[in-house]
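Student: I would like to learn how the words used for a protein structure are justified by numbers. Could we go through one together?

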Amino acid sequence: MQYPANHNSSKADSSKADSSKALGLPAEPTLLSHQETYICPICRHGQIAELILMDAFACNFCRHIFTANFPTQSIQVVDSSQPMSWRWNGRKWQSVYHHTSSLTLVVWLISAILVMLPASIVWLSSVLFPPLPGSTWSWFPQLWVACTFGSHLVMVSWLLIEHYQWPLYIATRVRILQWLGRR
Ligand SMILES: [Zn+2]
């Protein structure tokens, strides 16, 4: 189907530019430079802007500090336990993983063991030593297995979210800290 000639295309373009601005994406590809502000790659909520007289950027929301490498169009966070860096592709940040692949494997391995092992031990003991049939607490072993699995799953989820620095989690953590600070 052919669309009729759009006589208000400039209006459509400007609203498109507005919506992409609202999403934190510039309408045209831009270079990483001192003068511009960019969306924060960690919390995906605040804006990072250059610190005066320093080759560094800081976020106005999560307060993380980044060093900039303009020739490679990349930034690296300096106040985090993990060496995370991102490359600016003209529109958004792309994370650069160099050193963390072995750590990621270890994190996932530990996560799987932490979730499965304690629950398996509890389940195995309930199978080896089953409660007397018809006794009042015969339902308890199943509940205990479910609680063990659930609590370890929550713990491991937190570990993985911390490892991957999930933006929504970071932003929520900052909001909670700000809320606690205001009280
Ligand atoms: Zn931030």
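Tutor: What follows is a set of questions about this model, which is predicted, with each term set against its cut-off.

Student: Why is the site of the zinc ion called tetrahedral?

Tutor: Four donors earn that name if all angles lie between 85 and 135 degrees. The angles among the four donor atoms of the zinc ion are 105 to 116°, so the site meets the condition and is called tetrahedral.

Student: Which atoms coordinate the zinc ion, and what makes them donors?

Tutor: The zinc ion is coordinated by the SG atoms of Cys40, Cys43, Cys59 and Cys62, at 2.3 Å. A sulfur atom counts as a donor within 2.8 Å of this metal, and therefore a value of 2.3 Å qualifies. Along the sequence, the spacing of these donor residues is C-x2-C-x15-C-x2-C. Cysteine 43 lies in the loop between S1 and strand S2 (47–50), whereas cysteine 59 lies in strand S3, so this pair ties together parts that are 16 residues apart in sequence.

Student: How do you know that cysteine 40 is buried or exposed?

Tutor: A residue is buried when its relative accessible area is under 20%. Cysteine 40 has 0% and is therefore buried. Cysteine 43, with 3%, is buried as well, and cysteine 59 is also buried, with a value of 3%.

Student: How many disulfides does a search of the whole structure find?

Tutor: The search finds zero disulfides. To be counted, a pair of cysteine sulfur atoms would have to lie within 2.5 Å.

Student: What makes tyrosine 38 and phenylalanine 57 an aromatic pair, and why is the pair called edge-to-face?

Tutor: Ring centres must lie within 6.5 Å, and planes over 60 degrees apart count as edge-to-face. Here the centres are 6.1 Å apart and the planes meet at 75°, so both conditions are satisfied. The pair links distant parts of the chain, with tyrosine 38 in strand S1 (residues 38–39) and phenylalanine 57 in strand S3 (residues 56–59), 19 residues apart. Tyrosine 38 is buried at 3% relative accessible area, and phenylalanine 57 is buried at 0%.

Student: What makes tryptophan 137 and phenylalanine 140 an edge-to-face pair?

Tutor: Their centres are 5.7 Å apart, with 70° between the planes, and therefore they pass the cut-offs of 6.5 Å and 60 degrees. Tryptophan 137, at 57% relative accessibility, counts as exposed because the limit for that word is over 50%. Phenylalanine 140, at 32%, counts as partly exposed.

Student: How many aromatic pairs are there by this rule, and which residues do ring pairs link into a cluster?

Tutor: The count comes to 11 aromatic pairs, and the cluster is made of Tyr38, Phe57, Phe70, Trp88 and Trp93.

Student: How do you know what span to expect for helix H3?

Tutor: Helix H3 (residues 140–164) has 25 residues, and at 1.5 Å a residue the expected span is 36 Å. From first C-alpha to last, H3 reaches 36 Å, which is close to that expectation. The buried residues of H3 are Val145, Thr148, His152, Val156, Leu160 and His163, and what covers them includes helix H2 (101–128). Glutamine 165 follows H3 and has a positive phi, near 50°.

Student: Why is serine 126 called buried?

Tutor: Serine 126, which is in helix H2, has a relative accessible area of 18%. The limit is under 20%, so serine 126 counts as buried. Leaving aside residues up to four places away in sequence, serine 126 touches Pro131 and Pro141.

Technical notes. Residues are numbered from 1 along each chain as its sequence is written. This is a predicted model: local features need pLDDT of at least 70, side-chain atom pairs count only at pLDDT 80 or more; totals for chains, interfaces and linings use all residues. Side-chain values use heavy atoms; hydrogens and water are left out. Rings of Phe, Tyr and Trp (its six-membered ring) pair if their centres lie within 6.5 Å; planes under 30 degrees apart count as stacked, over 60 as edge-to-face and the rest as tilted. Helices (H or I, at least four residues) and strands (E, at least two) are DSSP runs, numbered from the N terminus. Buried means under 20% relative accessible area, exposed over 50%, partly exposed in between (1.4 Å probe, protein chains only). Donors are N, O and S atoms within 2.8 Å of the metal (3.2 Å for Na, K and Ca); water is not among the atoms, so sites may look incomplete. Four donors count as tetrahedral if all angles lie between 85 and 135 degrees; four count as square planar and six as octahedral if opposite donors are over 155 degrees apart and all others between 65 and 115; anything else is irregular. The expected span of a helix is 1.5 Å times one less than its number of residues. Contact means heavy atoms within 4.5 Å.
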